[in-house]
Structures are given as C-alpha cells and as structure tokens.
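Here are some worked exercises to try with the model open beside you. Give each task a go before you read its solution.

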Amino acid sequence: TTAARQSLRIGLIPADGIGKEVIPAAKAVITAVGSDIPKPDFVDLVAGWECFTRTGVALPEETVEALQNECDCALFGSVSSPSRKVVGYSSPIVALRKKLDLYANIRPVISVAPEAGQKPAVDLVVVRENTECLYVKEETLIVGENGKEARASRLITERASRRIGQMAFELAKSRPRKHLTIIHKSNVLSVTDGLFRETVRAVPSLPGVDGKYSDVTIAEQLVDSAVYRYASILPLRAESSLIIELLRLFREPEIFDVMVAPNLYGDIISDAAAALVGSLGLIPSVNAGDNFVMGEPVHGSAPDIEGKGIANPIASIRSAALMLRRLDYTKAADRIDKAVDQVIREGRFLTPDLKGKSTTSEVLEAVLSKI
Ligand code: ATP
Ligand code: MG
C-alpha cells in the first residue's frame, strides 16, 4: 500500500521524439513536489523505434522486468512509428499495456477557468477499456462470391467489462458530481454492447459492494449521440465570455462527468476530447490496472517539432500529476495541477502550439516557480 512506501520508484521511458524533451520536465516537477510523496527514485528505461533500430528490439525484456520488479509506477513518452510496416517491429506501448495488464486508459478533459476558484466549463473523464473489443485484431480476408471479404471479430467479456466498470464507478465516486455515463450502441449491437452495458450496470449490485456506489448516478448515451453532444462543447482552450455564451447555446457539457466505454468507442471519444482542448500538448492520460499505473501524454512523437526545444511539456506534467493522484498522493497532484492552471491562466509562458513564444524549459521553469 502507498502508506508503507519508503521511496516511490518511478520508471521513466521517454522513448522517441519529443518524449525525450517532455519526460524530463515531468521528472523535474515530481522532484519539486518531493515533500508530499515518498522519496522519488527514478529508473531510466529504454523502448521504442530508436531502441529497435539500435538493438533490433522495440521493448527490451530488461525494461519489462524493471517495471514489474523495481517500479511502483512509470511515465512513458512517445514512440515514433516507421512510415511503412517493418518486419519485427510492433508498438512497445501496446505490448506494455498487455504485459502490465493496464486494462484502462483514463483521460481527463478539463478546461482552465479564467479565474482561480471558478468551476471549469468542462470537467470530464473518459475511461476506455484497453484490452479487447475490435482491438483483439482477429481479422480474416477471403475471396468469396462478392470478391474479397474482410471480417473482424469483436470480443467483449464479462470480466473485462466488470473490471472497467468497477474502475469507472470508483472514479465517479471520488469526484464531486458522482455521475457515470455508459457509452454503447446496444440498440444495434445488442449482444456485444448489450453485455458491456448490462455488466457495467450490474457493478453496484455485485456481492461485497454493499451500497458503496449508491450515491453514483448512472446514465447512458449511444456513442453517436455522445460524440454529438460532446463535440458541441467546442472550443475550450480560452474560456472567453464569447465561449461561455457558445457553451450555453449548445447542449450542456455538464451532462458528462465520468464516461466509460468499450475500446473502440473510447478511442474515438477520447480523441474527440483531444480536439476539444485545442492542443494535443495539453492532454494527459494514465494507463491503469489493479497493480500498476503508467502516465502517458496523449500526443505522439511530433517529428515536425522534434529537437527544437518547443514541445509543450504540460501533457507530460499533468500525466505525472494523474499518476500520483491514482497512487493517492492527492496533495502532490493538486500542487502540480494548480501550478499548471496558473501558468495557463497567466498566459505569459506558453509554447507555440498555444500561440506563445516560450520554450519547453521556460514553461517548465514557470511551472516550477508556481510550485
Ligand atoms: P506520431 O506518429 O508519433 O503520433 P504525429 O506526426 O502523429 O506523430 P503527434 O505527436 O501525434 O504527431 O502530433 C500531431 C501534431 O500535434 C503535430 O503537429 C505536433 O507538432 C503537435 N503536437 C503534439 N504534441 C505536441 C506538444 N507536446 N507540443 C506541441 N505540439 C505538439
Ligand atoms: Mg499522432
């Protein structure tokens, strides 16, 4: 348990591209909140495309073993993907999620209100199932009467739906609004999505739950209408009075608090969320299981800005906060998030993706000075 830790062992896997520029920023921020967590003990680890070109392996066994045996949590940067399929190479992040059984991808979408203490216009979290659905990648191609026939199978199990449901209820319970929306399409896919929906809905009445989630309200949205309502929240980045007016005109963003979805819908919904906040450089996530948590900025390796020192470190810094929050270091996480909010609100030190002129290290320094 977290209380017993002497030190907090954090695996760092910057991997490729701007991952190597933003993960060090997250490390510096964790060090800065050191008084609110056990002594951080960083373990440098390698994986990714560059690692593959150097060693022939994208995810070295030593990295996996170090994460399993020597780390309490980890931060992952980003991997470059080769422009065409390369024999023997597959994404190390997908493999890591499997090996560490990180069955949930949790992505908060939060706007920064213009004044401290005000409620942000949008404050929701997408909880995406990370292990099954169409992503089991069971595809076949045959030539039939109609020419080529491609099929994919979609797996939904009670076990995976139940554990993602439990995680979503737990998260909803911990938030002020305590509201959970189940995303599905069971009007069309009544067997697969029907099972997901029923299983998540049944979580509060599982043996041993004992009314624990009785204060969580439950709603449902078909995935298409969820995206529609969600997309109407546009745009979030600067909450000017005009935008607040727009928000009123559109459907209420308040209908969402925690959203739980099978893998494919979760993928789409969380990328729609990324589009809402304006820059990929702002959006954090964690990959979580029962025994491990790995923070990961949502953006990729950003080859177009790699090496220029202008990558926005906020997504990684907030991923570190999210990781600490899941480990119950709430005070440390709050300090980081508040510092980032202040820097965004003041607008003096922002990277070019947010129309600023600052470098990665200037934004980091600004955040550190607020902490
Ligand atoms: P990959 O294949 O690794 O995902 P990509 O070309 O899709 O690479 P992304 O990293 O997904 O690139 O980024 C998409 C766009 O968003 C790029 O123009 C990139 O510069 C920008 N971007 C992403 N992350 C950041 C960041 N942290 N700071 C600034 N701009 C960013
Ligand atoms: Mg990308």
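Strands (E, at least two residues) and helices (H or I, at least four residues) are DSSP runs, numbered from the N terminus. This is a predicted model, in which local features need pLDDT of at least 70 and side-chain atom pairs count only at pLDDT 80 or more, while totals for chains, interfaces and linings use all residues. Residues are numbered from 1 along each chain as its sequence is written, and chains are lettered from A and ligands numbered from 1 in the order in which they are written.

**Exercise 1. Place Met294 in the fold and list what surrounds it.**

Step 1. Start with the secondary structure: Met294 belongs to strand S12 (residues 293–295).

Step 2. Next comes burial. A residue is buried if 20 or more other C-beta atoms lie within 10 Å of its own, exposed if 12 or fewer, and partly exposed in between, with C-beta atoms placed from the backbone. Met294 has 26 other C-beta atoms within 10 Å, so it is buried.

Step 3. Now look for contacts, meaning pairs whose C-beta atoms, placed from the backbone, lie within 7 Å. Setting aside neighbours within four places in sequence, Met294 is in contact with Cys73, Ala74, Phe76, Leu100, Leu102, Val286 and Asn287.

Step 4. Finish with a distance: Ser319 is 25 residues away from Met294 in sequence, and their C-alpha atoms are 8.6 Å apart.

**Exercise 2. Which strands pair with S3, and in which direction do they run?**

Step 1. Two strands pair if DSSP finds at least two bridges between them.

Step 2. On one side, five bridges join S1 to S3, and the two run parallel. Ile13 stands opposite Phe76 of S3.

Step 3. S3 also runs parallel to S12, with two bridges between them. Here Ala74 has Met294 as its bridge partner, the residue from the previous exercise.

Step 4. Check the surroundings: six of the six residues of S3 (residues 73–78) are buried, so this strand is largely enclosed by the rest of the structure.

**Exercise 3. Write down the strand order of the 10-stranded sheet and find its edges.**

Step 1. The sheet is open, its pairing is mixed, and its order reads S2-S1-S3-S12-S11-S4-S5-S10-S8-S9.

Step 2. S2 (39–44) and S9 (217–222) are the edge strands; each has a single partner strand, so one side of each lacks a neighbour in the sheet.

Step 3. Neighbouring strands are turned by 25° against each other on average, direction ignored; the axes are lines fitted to C-alpha atoms, for helices over the stretch in contact, and angles run from 0 to 180 degrees between N-to-C directions.

Step 4. Zoom in on one pair: S4 (residues 104–110) and S5 (residues 123–129) run antiparallel and share seven bridges. Ala104 stands opposite Glu129 in S5.

Step 5. Leu124 is also in S5, and it counts as buried because it has 24 C-beta neighbours inside 10 Å. Its contacts, not counting residues up to four places away in sequence, are Val109, Phe256, Asp257 and Met259.

**Exercise 4. Is strand S7 enclosed or in the open?**

Step 1. The number of buried residues among the nine of S7 (residues 147–155) is zero, so the strand lies largely in the open.

Step 2. S7 forms a hairpin with S6, with two residues between them. Eight bridges join these antiparallel strands, and Gly144 stands opposite Gly147 in S7.

Step 3. Cys133 lies in S6 (residues 133–144), where it has a positive phi of about 65° without being a glycine. Most residues other than glycine have a negative phi. With 22 C-beta neighbours inside 10 Å, Cys133 counts as buried.

**Exercise 5. Which helix gives the most to the largest nonpolar core?**

Step 1. A nonpolar core is a set of buried Ala, Val, Leu, Ile, Met, Phe, Trp, Tyr and Cys residues joined through C-beta atoms within 7 Å.

Step 2. The largest such core has 99 residues, and those with the most contacts inside it are Val127, Ala168, Met259, Val260, Ile317, Ala320 and Ile336.

Step 3. The helix that gives the most to this core is H10 (residues 314–326), with eight residues.

Step 4. Take Ile336 as an example: leaving out residues up to four places away in sequence, it touches Val29, Val33, Ile317, Ala320, Ala321 and Ile371.

Notes:
Two residues are in contact if their C-beta atoms, placed from the backbone, lie within 7 Å.
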